[in-house]
Every structure is written in C-alpha cells, then in structure tokens.
Amino acid sequence: MSSPLEQALAVMVATFHKYSGKEGDKFKLSKGEMKELLHKELPSFVGEKVDEEGLKKLMGDLDENSDQEVDFQEYAVFLALITIMCNDFFQGFSNQP
C-alpha cells in the first residue's frame with residue numbers, strides 16, 4: 001500500500017498527463033490545456049473563470065525554454081510554488097487561538 005505522499009505524487013503526474021497531449025506534444029501543456037487544467041483541477045485558486053491575462057503571464061513565467069508550452073518540469077515548479085503559497089497561508093492560522 002502506498003503512503004499518502006506517494007499517492008499525492010501519483011496524482012500530480014497523472015493530472016499532468018490527463019491534460020497534456022490533447023493539442024500537439026503529448027508531453028507538454030499548451031495554453032489551452034493549462035487553462036483547462038487550472039479551471040477543472042484548481043478551481044479554488046482561479047475562481048469560476050480563468051483570467052486570460054493572468055494565464056498569459058503564468059505561461060510566460062513558467063515557460064523557461066520559451067516554447068509556448070509547459071513541460072513536466074515547468075509544471076512541477078508551478079506545483080511547488082502553489083504548495084509554498086498554501087504552506088505560508090496556513091502557517092498564519094496555526095498561531096491563532
């Protein structure tokens with residue numbers, strides 16, 4: 001039986017591949033695929049509608065090799081940043097009565 005952390009890692013990998021390859025390279029997320037992933041998998045972070053300007057900026061920030069797509073390594077950096085933000089957010093509540 002796998003641990004909760006191992007299960008979480010498997011979900012992160014499976015989620016990437018669930019959306020990658022619908023358009024073009026099956027190992028990368030296009031802007032449209034990233035938009036769908038954000039909307040369906042992270043609705044608490046993006047709200048009801050993904051902001052197009054915000055998505056454009058996010059894609060530009062994540063796309064280290066400037067190929068207009070997000071590969072798995074760039075996606076992993078994105079998840080790490082979101083995880084850090086969540087940790088910082090919840091740390092603020094741990095000291096409150």
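Here are three short exercises on this predicted model, each with a worked solution.

Residues are numbered from 1 along each chain as its sequence is written. Local features need pLDDT of at least 70, side-chain atom pairs count only at pLDDT 80 or more, totals for chains, interfaces and linings use all residues, and side-chain values use heavy atoms, leaving out hydrogens and water.

**Exercise 1.** Find which helices each supply at least two residues of the largest nonpolar core.

*Solution.* Start with the term: a nonpolar core is a set of buried Ala, Val, Leu, Ile, Met, Phe, Trp, Tyr and Cys residues joined through side-chain atoms within 4.5 Å. The largest one here has 16 residues, and Leu38 and Phe78 are among those that touch the most other members. Next, the helices (DSSP runs of H or I, at least four residues): α1 (4–19), α2 (31–41), α4 (52–62) and α5 (72–94) each supply at least two core residues. The largest share, four residues, comes from α5.

**Exercise 2.** Work out which parts of the chain the Asp67 salt bridge ties together.

*Solution.* A salt bridge is a side-chain nitrogen of Lys or Arg within 4 Å of a carboxyl oxygen of Asp or Glu. Asp67 pairs with Lys28, with the closest N and O atoms 2.6 Å apart. Asp67 lies in the loop between α4 and β2 (70–71) and Lys28 in strand β1 (residues 28–29; a strand is a DSSP run of E, at least two), so the pair ties together parts 39 residues apart in sequence.

**Exercise 3.** Decide whether Lys28 is buried or exposed.

*Solution.* Buried means under 20% relative accessible area, exposed over 50%, partly exposed in between (1.4 Å probe, protein chains only). Lys28 has 19% relative accessibility, so Lys28 counts as buried. Its partner Asp67, at 24%, counts as partly exposed.
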